[in-house]
Amino acid sequence: MKITGVPFYRQSFGRKEIAEVTDTIKSGWITTGKKARLLEEKICAYVGARQAMAVNSCTAGMHLLLKASGIGPGDEVVTTPYTFASTSEAILYTGAKPVYCDINYDSLNIEADTAAAKLNRRTKAILPVHIAGLPLHMDRFVSLVRSKKIKLFDDAAHAIGASYKGKMIGSIGDGSAFSFYATKNLTTGEGGMVTTRHAGLAKKIKLLSLHAMSKGAWKRYAKGGSWRYDLLDLGYKYNLSDMAASLGLVQFEKFDKLQAARKKAAARYIKNLQDIDALKMPLVEDCSDHAWHLFILRLRLKQLKINRDHFIDELNKRNIGTSVHFIPLFLQSYYRKNLNLNRRDFPNADKAFREVITLPFFPDLKNAEIDYVCEVIETICRKQKR
Ligand SMILES: Cc1ncc(COP(=O)(O)O)c(C=O)c1O
């Protein structure tokens, strides 16, 4: 079959997902219930956390981690500007102030020593991101937060399946939030999971995730349940439905296979592209196991006559779907205006942003599709060589 284009993303659902969702519909219980609980148990055991709480997004999960830890107005949380809106939104929702540090130019992640320079007596937590699924240097962050008696929460939206020095992401800091959004390594359509080793924090998160009701619907409508409930706090509507969890349960069953396919696709991209001078491959480190959520290619712009945007246009002409991860927050209107962010304070993030292209990347990507993308990239690099 002749390849004439490759989409940015394609789902890998099969008959089992359809059967499991159908089973949920037929069961008569589609909102949060036993399937959401089962997914919590599976993810908890998989990442080696003490507690896991299903939520309807990673954004909600991060908000709950901060809120349930008592973070609010007057507090500061150190984070990265090189991320999706969610990381900062979660901090801003609590009334706390996000404080940004520049990234490591090669990894696109923030480092503990750069974060350390931003700490002061108002700092209550650090919220870094494992960009693309490349684990942060967690041991350095753990030593830092221990010495300062603050919390380490990680935005693990990209990092389900990743590990650092033999420990799964989700089991290392004070709390992690995973995303099960449509394109994520494990999906429930929309959804997420919070993991933590603190029982008290877990209990509070569970409560806040469903209006802080003393009893969820699952318990109220169960046999012998009572209609009566009490609102114990100001809560949120952040629960994960059983409809969504059913997708996640099947995805979890085949998760090792999905991850292996991502790893194989990444290896093929690297093998095909690594010898092209104008390109820089994503960083892989011996101390960690990459989750390979995204394949972020970097351009060495000095070797090319065209910029990143023009490069993407050339890929589009050959029907190759791409994206850019991420447009840093210091280039976004709201953050420039309200948080006074200026690109000159983040030289690494600013430079990296102008070089990145996220290539088509998903478990069902065929070898022939990868080869097509690589051939097109090679031709562009050859034609546009400076
Ligand atoms: C780095 C990062 N954090 C958080 C999120 C938010 O995830 P969700 O859509 O599950 O809230 C995303 C979404 O893609 C992301 O890329």
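**Exercise 1. The surroundings of H158**

Which residues is H158 in contact with, leaving aside its neighbours within four places in sequence? Place H158 in the fold and list its partners.

Solution. This is a predicted model, in which local features need pLDDT of at least 70, side-chain atom pairs count only at pLDDT 80 or more, and totals for chains, interfaces and linings use all residues. Residues are numbered from 1 along each chain as its sequence is written, and side-chain values use heavy atoms, with hydrogens and water left out.

Step 1. Locate the residue. H158 sits in the loop between β5 and β6 (163-164). Helices (H or I, at least four residues) and strands (E, at least two) are DSSP runs, numbered from the N terminus.

Step 2. Check its exposure. The relative accessible area of H158 is 7%, and the residue is buried. Buried means under 20% relative accessible area, exposed over 50%, and partly exposed in between (1.4 Å probe, protein chains only).

Step 3. List the contacts (heavy atoms within 4.5 Å). Leaving aside neighbours within four places in sequence, H158 is in contact with H130, I131, A132, G133, K184, A291, H293, L294 and F326.

Step 4. Look for polar contacts. A polar contact is a pair of N or O atoms within 3.5 Å; within protein, one must be able to donate a hydrogen and the other to accept it, and residues adjacent in sequence count only if both atoms are side-chain atoms. The H158 side chain reaches the backbone nitrogen of A132 at 2.9 Å.

**Exercise 2. The ligand shell**

Describe the residues around the ligand and their polar contacts.

Solution. Step 1. Find the nearest residues. The ligand has 15 residues around it, of which T59, D155, H158, S179 and K184 come nearest. Here a residue is near if one of its heavy atoms lies within 4 Å.

Step 2. Give the distances. A nitrogen atom of the ligand lies 2.7 Å from a polar side-chain atom of D155. For H158, a side-chain N or O atom is 2.8 Å from an oxygen atom of the ligand. For S179, a side-chain N or O atom is 2.7 Å from an oxygen atom of the ligand.

Step 3. Assess the cover. On its own the ligand has 390 Å² of accessible area, and the protein covers 91% of that. Areas come from the Shrake-Rupley method with a 1.4 Å probe; for residues, only the protein chains shown count as cover.

Step 4. Sort the shell. By class, the shell has six nonpolar, seven polar and two charged residues. Ala, Val, Leu, Ile, Met, Phe, Trp, Tyr, Cys and Pro count as nonpolar, Asp, Glu, Lys and Arg as charged, and the others, Gly among them, as polar. Helix α3 (residues 58-68) gives the largest share, three residues.

**Exercise 3. Helix α3 and its start**

Why is α3 described as largely enclosed? Work from its buried residues, then examine S57.

Solution. Step 1. Count. In α3, 10 of the 11 residues are buried, so the helix is largely enclosed by the rest of the structure.

Step 2. Name them. The buried residues are C58, T59, A60, G61, M62, H63, L64, L65, L66 and A68.

Step 3. Examine the start. S57 lies in the loop between β1 and α3. A side-chain oxygen of S57 reaches to within 3.4 Å of the backbone nitrogen of T59. The S57 side chain also reaches the backbone nitrogen of A60, at 2.9 Å.

Step 4. Look further along the chain. Not counting residues up to four places away in sequence, S57 touches G191 and G192. The C-alpha atoms of S57 and V194 are separated by 9.5 Å, with their places 137 residues apart along the chain.

Step 5. Check the end. Just after α3, G70 takes a positive phi of about 85 degrees.

**Exercise 4. The two sides of α7**

Which residues of helix α7 (residues 199-208) are buried? Determine how they are arranged and what covers them.

Solution. Step 1. The buried residues are L201, A202, I205 and L208.

Step 2. Seen down the axis of α7, they fall within an arc of 135 degrees, so they line one face of the helix. The arc is that of the directions from the helix axis to the C-beta atoms.

Step 3. The face turned away from this side carries the exposed residues G200 and K203.

Step 4. The cover over the buried residues includes β1 (51-55), α3, β5 (151-155) and β9 (192-196).

**Exercise 5. Unusual backbone**

Where is the cis peptide bond, and what is phi of K165?

Solution. Step 1. Most residues other than glycine have a negative phi, and most peptide bonds are trans.

Step 2. A cis peptide bond joins H325 and F326, with omega about 0 degrees. F326 is in the loop between α11 (308-317) and α12 (333-338).

Step 3. K165 is not a glycine, yet its phi is positive, near 45 degrees. K165 counts as exposed, at 53% relative accessibility.
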